[in-house]
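This short report goes through an annotated region, a ligand shell and a sheet in turn. Please keep the sequence and the structure open while reading.

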Amino acid sequence: MENSKRVVTLVYGCQMSERDAETLTEITRQLGYSPSDDLETADLVIVNTCCVRESAENKILGKIGELKKLKERNKNVKIAITGCMVQQPGALERLQKRAPHVDIWAGTHNLHDFSALINRVEQGRKVAEVWQESKATLEVIPLAEKGKLHANVNIMYGCDNFCSYCIVPHVRGRERSRKPEEILQEIKSLVDSGCREITLLGQNVNSYGKEFSPAYDFADLLHQVDQIPFLLRIRFITSHPKDLSDKLIKTVAEGKNLCEHFHLPIQSGSNFILERMNRKYTREYYLSRVQEIREFIPNASITTDIIVGFPGESEEDFEQTLAMMKEAHYAQAFTFMYSKRSGTLAAKMEDQISLDVKKRRLQILMGVQNQESLEWRQHMIGEILEVLVEGPSKTNPERLTGRTRGNELVVFKGDFETIGSLVNVRIKEAGSWTLIGEVE
Ligand code: SF4
């Protein structure tokens, strides 16, 4: 029987935030809510927030303002604001003053207690709870949505790295790894419900298990996940370059279903800036990791994140970032302008870069990367690549779409019966973002 109450979940930010939003939706399902996209008929609206950049925060504040109007039209709708933005030190009071129409405020550490908050709100109260740290036993709620081809699985929470620009360690706490048996169990139940591809998530998956005794690391976990029957593909993000071990690279090289894709954020190509960012590696060390990957896995796809306009970044520093992009041959780069996050070290640095300079550097960087991405894809023309078929293409419903092991999006002519399985596709054309092909 379908649940009669409706919940709309809006999510901002990274895959961790998406995964948290899925958990919240699952909790509400257990309380009798059906997921919906229609705000006008919703009984509950959840906004799971992100604070990693100012632009994301501004967008979310705009959405919270729009929800005030929704509440004026429908007095019964409950509004919940959750996640990173609420968890920032000192943020709750400021947000509550700005948005008194919100019914539930919850930080990142108490999301798993969300059902208790909803119960209190359903009794007509407003609630605000932000825990200062996580209680590990409350971390996991297995999700097993029937027929879902892909799922994200958290393997760890938090981050210990304190990159000087980043708010994440302040809102997600110290690193905690989930036990391998819990992770394996969750993945097996996802596979039983039809899932064929999973992405293992962590802010720094390469430091997974560092607290475990006897020793058990991320490569060991990958190897075990790779043995799960009927699971076709395993991905993982994010790899901190300083912790990317030879053992991990070899494990991926020798794996069966471990996708040859490394998301390896460089952030800057300048050693001076890398030090100010507290990234704990040099460009030389980073390049040695890239070479190691290419030696063991010549066709590996490497993607990255880059910040331009970090405080103190000179034209020479920026030139080194551009040079790095050409040396590393990234398949794709996610590029950002530095954005001040209060509470971080970099926000207090004096030599902030003007918005005009940041915008100009971003444009140049994107131009270089678009060309690199195009060349990367053009190399694939004529090759036969394994594609996991996801469904009809959004831009052309007569074509199918899916992803290669390197995470390239492919649009191709094929049989709709193959959705959910692996097919071999010959690549005919390449754009900056998509490959076009035909089933062999
Ligand atoms: S590794 Fe650095 S950038 Fe990534 S979450 Fe941790 S502090 Fe932030």
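Which residues does the UniProt annotation "domain: MTTase N-terminal" cover?

## Annotated region

According to the unreviewed UniProt entry, the annotation "domain: MTTase N-terminal" covers residues 5–123. In the model, which is predicted, the C-alpha atoms at the two ends of residues 5–123 are 15 Å apart, and the span consists of 48% helix and 21% strand.

## Ligand shell

The ligand is surrounded by Cys159, Asn161, Phe162, Cys163, Tyr165, Cys166, Val168, Pro169, Gln203, His240 and Arg279. When these residues are sorted by class, the shell comprises seven nonpolar residues, three polar residues and one charged residue.

## Sheet and packed helices

Three strands form an open sheet in the order 7-10-11, and their pairing is parallel. At the edges are strand 7, residues 150–154, and strand 11, residues 233–237, each of which pairs on one side only; from one strand to the next, the twist averages 25 degrees.

Between strand 7 and strand 10, the latter made up of residues 197–201, the parallel pairing runs over five bridges, and His150 has Glu197 in strand 10 as its bridge partner. Helix 1, residues 15–30, packs on the sheet with contacts to strand 7, strand 10 and strand 11, and its direction makes about 100 degrees with that of strand 7. Helix 7, residues 180–192, also packs on the sheet, where it touches strand 7 and strand 10, and the direction of helix 7 makes about 165 degrees with that of strand 7.

How values were computed:
Residues numbered from 1 in each chain as written. Predicted model: local features only at pLDDT ≥ 70, side-chain atom pairs only at ≥ 80, totals over all residues. Heavy atoms only, no water. Near = heavy atom within 4 Å. Nonpolar A, V, L, I, M, F, W, Y, C, P; charged D, E, K, R; others polar. Pairing = 2+ DSSP bridges. Helix = DSSP H or I, 4+ residues; strand = E, 2+ residues; numbered from the N terminus. Axes fitted to C-alpha atoms, helices over the stretch in contact; angles between N-to-C directions. Contact = heavy atoms within 4.5 Å. UniProt positions renumbered as here; feature names shortened; annotations may be inferred.
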